[in-house]
Structures are given as structure tokens and as C-alpha cells.
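Here is a short set of exercises to work through with the model open beside you. Each one gives a task, and then a solution in steps.

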Amino acid sequence: MTQSFHGIESLPNPERFKDLRRFDDALHAHQTARDLHQQTGDTHGEAIAWNNLGTAYRGLGRFDEAVVAGKQAAAMLAAARDWFRTGEAWGELATTLTAAGADMGQVREAWEQSAQAYTQAGADEEADASREHATNMEIVEAQLPTDAVRPEEEVASESG
């Protein structure tokens, strides 16, 4: 592998770690990438690294850190007016919020933000998909009785 400016190309490919479910290794690689982008003043690269950090934190079950990273990524990408990646970041954040068991209103808002960003980018299919996620959540939420037991609660009560 060739050495490049500040050693960025000499880092292992963090996406490969994520695909292998090696979230600890991916986390370290994305932290290093974020730090290098910060040092070189590459705010766009830093924003992408923040988004990737959010995914790695989610894979490790570290949801609070994943949400912080996702919000940082979305804000930085919007500031850079990279609307397509902003849409991706909001979608990742919505996925993280869902995995964390967050309030459905927060999740829906993240999907709507994703749709708006994709619309800004002219990515109509992606915007429609994000809107579909937000709409499907409303349907699921409306169908659940207020005393419904979620599947993870059933497992807990069976084992406890």
C-alpha cells in the first residue's frame, strides 16, 4: 500500500471491518480517520468519518455515542451542503434510534429529515424510500395497542 499525505491511505479499509462485523476495529479506524481529517482541516472527510463512527458505535450497542456521532455527521454534511450524504446520515441516525428503542417521533423525524435532504440532492428514489420508512412507522405505531408487549419483552419474561 502506498503512503500518502498524513498516512491516510496507509490505514486499513474500515468498511471491510464493518462488513466482517469487526466493529471494534472499524471504530478505531474511523476514529483515526476522523482525527486525521480534523488535523488537515478536511471537514467534509471528518463528517463522513463521524457518520461511519455512528454505524460502528451502533454495531457495538453503544447507542448514546452512535446518536451523538450521527447528529454530528448530519450537521456537518448539511453545513457542507452535501445533501445526498446528509440524507444518508439522517437515515443512519434513524436506524440507530430505532435500534436504541428511541421514541417513535424522534425516529420519524430523522426519516423525514433524510427525505428532505435527499430531495435537496434531487435523489427522488432515496427521498421516497425515506418517506416510506416514516409512513410505515406511523402505520405500525397506530396498530400497536397501548399495552402491547414487544418481542424482546416476551423473551425477557420467559427467561426471567
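**Exercise 1. Find the residues around the largest cavity, and sort them by element and class.**

*Solution.* Keep in mind that this is a predicted model. Begin with the lining: Asn 51, Gly 54, Thr 55, Arg 58, Ala 66, Gly 70, Ala 89, Glu 92, Leu 93 and Thr 96 surround the largest cavity. Next, assign them to elements: helix H3 (43-59), H4 and helix H5 (83-99) each give two or more residues to this lining. Then sort by class, which yields three nonpolar, five polar and two charged residues. Finally, turn to volume: the largest cavity holds about 40 Å³ of space, and the structure has one cavity of 30 Å³ or more.

**Exercise 2. Describe the overall make-up of the chain.**

*Solution.* Start with secondary structure: the chain has eight helices and zero strands. Read from the N terminus, the order of elements is therefore α-α-α-α-α-α-α-α, with helices and strands taken as DSSP runs. Now look at burial: 34% of the 160 residues count as buried. For the surface, the chain exposes about 9500 Å², and 49% of that comes from carbon and sulfur atoms. Last, consider contacts with a separation of 6 or more: residues 24 or more positions apart account for 48% of them.

**Exercise 3. Decide where the model deserves confidence and where it calls for caution.**

*Solution.* Take the chain as a whole: its mean pLDDT is 82, and 72% of the residues reach 70 or more. Then compare elements: helix H4 (residues 63-79) has the highest confidence, at a mean of 98, while helix H8 (residues 151-159) has the lowest, at 47. Now check the stretches where pLDDT stays under 50. One is residues 1-14, for which the model has 20 contacts beyond four places in sequence. Another is residues 142-159, for which the model has two such contacts.

**Exercise 4. Is Ser 130 buried or exposed, and which residues does Ser 130 contact?**

*Solution.* First place the residue: Ser 130 belongs to helix H7 (residues 124-143). Its relative accessibility is 3%, and the cut-off for burial is under 20%, so Ser 130 counts as buried. For its contacts, set aside the neighbours within four places in sequence; Ser 130 then touches Trp 111, Ser 114, Ala 115 and Tyr 118.

**Exercise 5. Work out the surroundings of Met 76.**

*Solution.* Met 76 sits in helix H4. With a relative accessibility of 16%, Met 76 also counts as buried. Beyond its neighbours within four places in sequence, Met 76 is in contact with Thr 43, Glu 46, Ala 47 and Trp 50. A backbone check can be added: the C-alpha atoms of Met 76 and Gly 45 are 9.9 Å apart, with their positions 31 residues apart along the chain.

**Exercise 6. For Asp 25, Met 104 and Glu 109, give the element, the exposure and a C-alpha distance to a partner.**

*Solution.* Take the residues one at a time.

- Asp 25 lies in helix H2 (residues 23-40). Its relative accessible area is 30%, so Asp 25 is partly exposed. The partner is Ala 56, 31 residues away in sequence and 9.0 Å away from C-alpha to C-alpha.
- Met 104 is part of helix H6. At 28% relative accessibility, Met 104 is partly exposed. The partner is Met 137, 33 residues away in sequence, with a C-alpha to C-alpha distance of 7.4 Å.
- Glu 109 is in helix H6 (residues 104-121). A relative accessible area of 37% makes Glu 109 partly exposed. The partner is Ala 94, 15 residues away along the chain, and their C-alpha atoms are separated by 8.1 Å.

**Exercise 7. What is the phi of Arg 81, and where is Arg 81 found?**

*Solution.* Read the backbone angle first: phi of Arg 81 is near 60 degrees, a positive value in a residue other than glycine. Then locate the residue: Arg 81 falls in the loop between H4 and H5. To finish, apply the cut-off for exposure, which is over 50%: Arg 81 has a relative accessible area of 60%, so this residue is exposed.

Notes
Residues numbered from 1 in each chain as written. Predicted model: local features only at pLDDT ≥ 70, side-chain atom pairs only at ≥ 80, totals over all residues. Heavy atoms only, no water. pLDDT = per-residue confidence, 0-100. Helix = DSSP H or I, 4+ residues; strand = E, 2+ residues; numbered from the N terminus. Contact = heavy atoms within 4.5 Å. Buried < 20%, exposed > 50% of the residue type's maximum accessible area, 1.4 Å probe, protein only. Areas by Shrake-Rupley, 256 points an atom, 1.4 Å probe, with all protein chains shown as cover. 1 Å grid on protein atoms, 1.4 Å probe; cavity = no way out; pocket = protein on both sides within 12 Å on 5 of 7 lines; lining within 4 Å. Points joined across faces, edges and corners; volume = space filled by probe spheres on them. Nonpolar A, V, L, I, M, F, W, Y, C, P; charged D, E, K, R; others polar.
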